[in-house]
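Colleague: I have a model open and a few things to ask about it. Can we go through them one at a time?

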Amino acid sequence: MDERGINALSECVRYSSELGSGAGKGGGSGGSIREAGGAFGKLEAAREEEFFKRLEKQQLAMLKKQIHEDIDFHENQIKIHEEAIKRHKKKIKGMKSDSD
C-alpha cells in the first residue's frame, strides 16, 4: 500500500471513530439512521448517549435509596438488640445466685 492508500485509510478510520458517523460502532450497524451517518446519525448517537446516562443516574439514585433503607433497618435492629441486652442484664442482676 502506498502513502496515498495509508492516508486514505487513516482518514476513513478518523471519520468513523466519531459516534453516529456511520456503520461499525460497537460491533453492529446501529440501525439505518446511524449507518447512514451525517447529522441524523450524530443526533441519534447523542440521544442514545443521553438516554443511557439518564438511566444510569436513575439506577444509582435507586441504589443509594436502597442502601439508606438498609442502613436504617440495621440501625433499628441494633437498637432493638441493645434494649434486649439491657433487659437480660437487668434480669441477671435481679436473680439471686448461689455463688454470690
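Colleague: Is Ile-71 buried or exposed?
Modeller: Neither: Ile-71 is partly exposed, with a relative accessible area of 38%. Buried means under 20% relative accessible area and exposed over 50%, with partly exposed in between (1.4 Å probe, protein chains only). This is a predicted model, in which local features need pLDDT of at least 70, side-chain atom pairs count only at pLDDT 80 or more, and totals for chains, interfaces and linings use all residues. Residues are numbered from 1 along each chain as its sequence is written, and side-chain values use heavy atoms, with hydrogens and water left out.

Colleague: Where does Ile-71 sit?
Modeller: In helix α3. Helices are DSSP runs of H or I with at least four residues, strands are runs of E with at least two, and both are numbered from the N terminus.

Colleague: Which residues make the nonpolar surface patch?
Modeller: Leu-60, Leu-63, Ile-67 and Ile-71, and the patch covers about 350 Å². A patch takes residues with over 30% relative accessible area and no salt bridge; nonpolar side chains (Val, Leu, Ile, Met, Phe, Trp, Tyr) are joined within 5 Å, like charges within 9 Å. Areas come from the Shrake-Rupley method with a 1.4 Å probe, and for residues only the protein chains shown count as cover.

Colleague: How many residues does α3 have?
Modeller: α3 has 57 residues and reaches 84 Å from its first C-alpha to its last. That is close to the 84 Å expected at 1.5 Å a residue, where the expected span is 1.5 Å times one less than the number of residues.

Colleague: And which residues of α3 are buried?
Modeller: Gly-41, Ala-45 and Ala-84. Across the 100 residues of the chain, 7% count as buried.

Colleague: What else is in the chain besides α3?
Modeller: The order from the N terminus is α-α-α, so to speak in counts, three helices and zero strands.

Colleague: Switching to charges. How many salt bridges are there?
Modeller: Two, counting a side-chain nitrogen of Lys or Arg within 4 Å of a carboxyl oxygen of Asp or Glu. Arg-54 pairs with Glu-50, with the closest N and O atoms 3.2 Å apart. Lys-65 pairs with Glu-69, and there the closest N and O atoms are 3.9 Å apart.

Colleague: Why can Arg-54 and Glu-50 meet?
Modeller: Because they are four residues apart in helix α3 (residues 38–94), they are separated by about one helical turn. An α-helix has 3.6 residues a turn, so residues three or four places apart point the same way. Lys-65 and Glu-69 are also four residues apart in helix α3.

Colleague: Are those four buried or exposed?
Modeller: Lys-65 is exposed at 54% relative accessibility. Arg-54 is partly exposed at 42%, as are Glu-50 at 47% and Glu-69 at 39%.

Colleague: How many aromatic pairs does the search find?
Modeller: One, in the whole structure. Phe-51 and Phe-52 are edge-to-face, 5.1 Å centre to centre with 75° between the planes. Rings of Phe, Tyr and Trp (its six-membered ring) pair if their centres lie within 6.5 Å; planes under 30 degrees apart are stacked, over 60 edge-to-face, and the rest tilted. Phe-51 is partly exposed at 42% relative accessibility, and Phe-52 is partly exposed at 46%.
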